[in-house]
Amino acid sequence: MSASYSYSYSYPLPAVAVDMVILTISPRNELCYLLVRRGEAPFKDAGALPGGFVDVGDGYRPDRPQGEDLRAAAARELEEETGLDLERHQVFLEQLYTFGDAGRDPRGRVITVAYYALVSVDFAPFIRAGDDARDVRWHPVLEEAAAPVRLAFDHPAIIRAALERIRGKVDYDPRLVQALLPDEFTQSEFRRVHEVIKGACYDKSNFAKRFRRMLEDGRFEATDAKRSLRGAGRPPKLYRFTET
């Protein structure tokens, strides 16, 4: 005997969105975040984080789908607004925080689940504007702190939260560094990613000991390749992570 269910839902439903703080390290060793220029109101022509509304389906009846999962929505919006594919371009994506203050969106009650995404410099050139964005551009964190751009919604707070998160995690979660490095990297490049994220220099001797411990623990391995240098000098040894 099959069970019969009756669903009653009388509460107003807020809209749900996802927004992403996409970060990379530029060839000039600057930590940069990605902004799109909005092509529609509200905040037309303002800078904004890539993102959009979650497909929440047709409601709460069991014979109707309830739309997409949050991570699926973030991956979809990532590709629609920037051209980046989560798997193909090896994007590190992690949920950050939920922002739901009343009045954060002039169109109505919108709750957004924020993510941060880390993109290697190898894949940053693949980014393009799409969907309702007019263009996309990388903004150096330090440069924009001195001369901030006009941002939509509460996106300044979301960016600050993402920077605080990665700066707090970089010293104990090597996945963040791995996501920002090329497949093969030098010890100096490994240290530089830490320094760019933290905005501070590390003691070279202490960091070298840390690097050797990670090498001994099998987190990464030396390769047979060497990177050519201009002029005299021994080419630096290259390493790669053992886990992807």
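## Close-up views of a predicted model

**Figure 1. The whole chain at a glance.** Of the 244 residues in this chain, 43% count as buried, where buried means under 20% relative accessible area, exposed means over 50%, and partly exposed is in between (1.4 Å probe, protein chains only). This is a predicted model, so local features need pLDDT of at least 70 and side-chain atom pairs count only at pLDDT 80 or more, while totals for chains, interfaces and linings use all residues. Residues are numbered from 1 along each chain as its sequence is written, and side-chain values use heavy atoms, with hydrogens and water left out. The chain has six helices and nine strands; these are DSSP runs numbered from the N terminus (helices: H or I, at least four residues; strands: E, at least two). Taking contacts between residues at least 6 apart in sequence, 65% join residues at least 24 apart; a contact means heavy atoms within 4.5 Å. The accessible surface comes to about 14000 Å², and carbon and sulfur atoms hold 48% of that. Accessible areas come from the Shrake-Rupley method with a 1.4 Å probe, and for residues only the protein chains shown count as cover.

**Figure 2. Strand β1 and its partners β6 and β4.** Look for β1 at residues 15-25: the strand is mostly covered, with nine of its eleven residues buried. Two strands pair if DSSP finds at least two bridges between them. With β6 (residues 110-118), β1 runs parallel and shares nine bridges. To find your place in this pairing, start at Val 16, whose bridge partner in β6 is Ile 111. β4 (residues 51-53) runs antiparallel to β1, and three bridges join the two. Here Ala 17 is a handy landmark, with Phe 53 of β4 as its bridge partner.

**Figure 3. The hairpin of β1 and β2.** β1 also pairs with β2 (residues 31-38), in the antiparallel sense and over three bridges. Ile 25 stands opposite Leu 31 of β2. Five residues lie between the two strands of this hairpin, and Asn 29 in the turn has a positive phi of about 60°.

**Figure 4. Salt bridges around helices α3, α4 and α5.** Side chains of opposite charge can pair when their charged atoms come close. A salt bridge here is a side-chain nitrogen of Lys or Arg within 4 Å of a carboxyl oxygen of Asp or Glu, and the whole structure has 18 of them. One of these joins Lys 169 to Asp 173, with 3.3 Å between the closest N and O atoms; both Lys 169 and Asp 173 are buried. Another salt bridge brings together the side chains of Lys 198 and Asp 171 (3.4 Å, N to O). Lys 198 sits in α5 (residues 187-198) and Asp 171 in the loop between α3 (155-169) and α4 (174-180), so this pair ties together parts that are 27 residues apart in sequence. Lys 198 is partly exposed at 34% relative accessible area, and Asp 171 is partly exposed with a value of 34%.

**Figure 5. A salt bridge from β8 to β9, and a network.** Glu 221 and Arg 240 meet through their side chains in a salt bridge (2.9 Å, N to O). Because Glu 221 belongs to β8 (residues 220-226) and Arg 240 to β9 (residues 237-241), the pair ties together parts that are 19 residues apart in sequence. Glu 221 counts as partly exposed at 33% relative accessibility, as does Arg 240 at 35%. Elsewhere in this legend's topic, Glu 68, Arg 76, Glu 77 and Glu 80 are joined into one network by salt bridges that share partners.
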